[in-house]
Amino acid sequence: MVYEPPIHEDTIVAVSTAIGPGAIGIVRMSGPEATAVAEAVFRPARAKPLQPAETYSLLYGHVLDPQTGEALDEALLAVMRAPRSYTREDVVELHCHGGLAAQRTVLRLLVRAGARLAEPGEFTRRAFLNGRIDLAQAESVAAIVAARSTGALRASVRQLEGGLSQRLRALRQEMVRLLACIEATVDFSDEDVETLDWESLVEGLTSARDALGRLLRTAFVGRALEQGVRTAIVGRPNVGKSSLLNALLMRERAIVSDIPGTTRDTVEELMELDGIPIHLVDTAGMRSGGDHVEQLGVERSVRAMEQADLVLAVFDLSRAWDDVDRQLIGGLDPVRAIVVGNKRDVVGSDADVVAALAAHVREAGDGETPPGWRVCAVSATTGEGLDDLRSLIQEVITGGEGLHLDEPVLASERQRSLVTEAYESAGAALTGASREAGEELVCEDIRAAVQALGRITGEELTPDLLDEIFSSFCLGK
Ligand code: GDP
């Protein structure tokens, strides 16, 4: 599908800063009439005409009601001429005072002067339709705005620069080339001019599928960056869950006490580990029995554990190991769990502590060592061992792949499912080609992969795709 850059005839306007009290509120316009509309409501302090203002000029002045001539706000006016603007159209920003009344007044004046209220994401949609960015980059704009951690921000900014798009485009081109090779032999098959080189086709498909597989392995990190990692801290009362939460957060948040069972509700906190947002949930102690309130807390811990991406199971190293501990271990999923022995300072800090703990874990798992149990000994009080715990957490989050935030990451659910689709189609094509099955079938699979990749960047569009992407944007973006 080839796109003619659409020429928008209307000029759109929206408040681009968060609505509400604030020092500055920015009202943005984009479209052919942007400067004309701005001129109708803005009087520069020095009678300097807006047209033909150079691009990137900034004027100081007042917003006036054109009907009464009354000055309504003091403002700066920024002019960015097409095509050197966010949308590639003429863009004008009015930097007014923040606050609901000021922003609404200016917005109303601009609409009266000829602008139309923008839909959510319409500025970025125009940037895409005018060819300034592709769809994966447009999504990264939404991700930058939503970023809750430095890592999420870094990955989104990389994506806006186009790292992921370049990689996807190269992969798609390679698949298109393979498709062309097959199609050429199909076209000529009657004349017996060329026969298909299945071997090099298999080679090409293998490397394309593997490259897609590598990209897919970033999906977990992408999801973690986008949504945060839900982490439950579970364990019996008084083992030091709240203290551990505080030590990880390095400030007081959860209530710490020596009376068992004080953490009756769940406490949630957001922390950042190597740039990845982590939601820590400190749950009530796991102890059967107890009063009604505590029982509710236990149920909540079980639920938190089921919903968690990561479970920190805390044990007290200074106490003897018993059946309840074994039971807790038995309920853990080793892929997502880290066994944390706390109060290491009490038992001395020799390396045997970890070995003894690991032996308990093994024993609780019926003598078998489940692959990949992660075990560490820490002291929430002295901070000993917390760095080991942090690196284990990173291991669980990245599936042992390590964090490479400068590499392209699949940042949205849409991208992840399309790359999965492309990966599966490439795999099916590879299977077909290895068996030298019919050319047509192989072509069909490759075409499906090409299409899925094209839908990530927007080289292939379906009618609802743009609405699906841009409707999730906030107003003014
Ligand atoms: P929770 O019920 O599991 O949340 O346990 P708390 O965090 O409330 O801690 C229970 C008690 O153990 C408190 O008196 C803490 O000061 C103490 N405690 C927690 N962590 C450590 C530790 O690493 N070393 C020592 N010596 N005491 C700790």
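A residue is called buried when its relative accessible area is under 20%, exposed when that area is over 50%, and partly exposed in between (1.4 Å probe, protein chains only). The structure is a predicted model, in which local features need pLDDT of at least 70 and side-chain atom pairs count only at pLDDT 80 or more, whereas totals for chains, interfaces and linings use all residues. Residues are numbered from 1 along each chain as its sequence is written, and side-chain values use heavy atoms, with hydrogens and water left out.

Helices (H or I, at least four residues) and strands (E, at least two) are DSSP runs numbered from the N terminus. Seven strands make up an open sheet of mixed pairing, in the order β3-β4-β5-β6-β2-β1-β7. The edges are held by β3 (42–44) and β7 (116–117), each of which has a single partner strand, so one side of each lacks a neighbour in the sheet. Two strands are taken to pair if DSSP finds at least two bridges between them.

From the β3 edge, β3 and β4 run antiparallel and are joined by three bridges, with Phe 42 opposite Val 63 of β4. Strands β4 and β5 are also antiparallel, with eight bridges between them; here Leu 58 stands opposite Ala 78 in β5. The hairpin of β4 and β5 has six residues between the strands, and in this hairpin Gly 69 takes a positive phi near 80°. Five bridges link β5 to β6 in the antiparallel sense, and Val 79 faces Val 92 of β6 across this pairing.

Strand β6 is mostly covered, with five of its seven residues buried. Its pairing with β2 is antiparallel and extends over seven bridges, and Gly 25 has Cys 96 in β6 as its bridge partner. At the β7 edge, strand β1 (residues 12–15) runs parallel to β7 and is joined to it by two bridges. Val 13 has Leu 117 in β7 as its bridge partner.

Two helices lie across strands of the sheet, contact being defined as heavy atoms within 4.5 Å. Helix α2 (residues 100–112) lies across β1, β2 (24–30), β4 (57–64), β5, β6 (91–97) and β7, and runs at about 175° to β1. Helix α3 (residues 122–129) lies across β1, β2 and β7, at about 135° to β1. For these angles, axes are lines fitted to C-alpha atoms, for helices over the stretch in contact, and the angles run from 0 to 180 degrees between N-to-C directions.

Leu 58, Tyr 60 and Leu 76 make a nonpolar surface patch of about 280 Å². Leu 76 is located in strand β5 (residues 71–80) and is partly exposed, with a relative accessible area of 32%. Patches consist of residues with over 30% relative accessible area and no salt bridge, like charges being joined within 9 Å and nonpolar side chains (Val, Leu, Ile, Met, Phe, Trp, Tyr) within 5 Å. A salt bridge is a side-chain nitrogen of Lys or Arg within 4 Å of a carboxyl oxygen of Asp or Glu. Accessible areas come from the Shrake-Rupley method with a 1.4 Å probe, and for residues only the protein chains shown count as cover.

Further along the chain, helix α8 (residues 219–227) has Ala 219, Val 221, Gly 222, Ala 224 and Leu 225 as its buried residues. Gly 228, just after α8, takes a positive phi of about 85°. Helix α9 (residues 241–249) is largely enclosed by the rest of the structure, because eight of its nine residues are buried. The buried residues of α9 include Lys 241, Ser 242 and Asn 246. Met 250 follows α9 and has a positive phi, near 55°.
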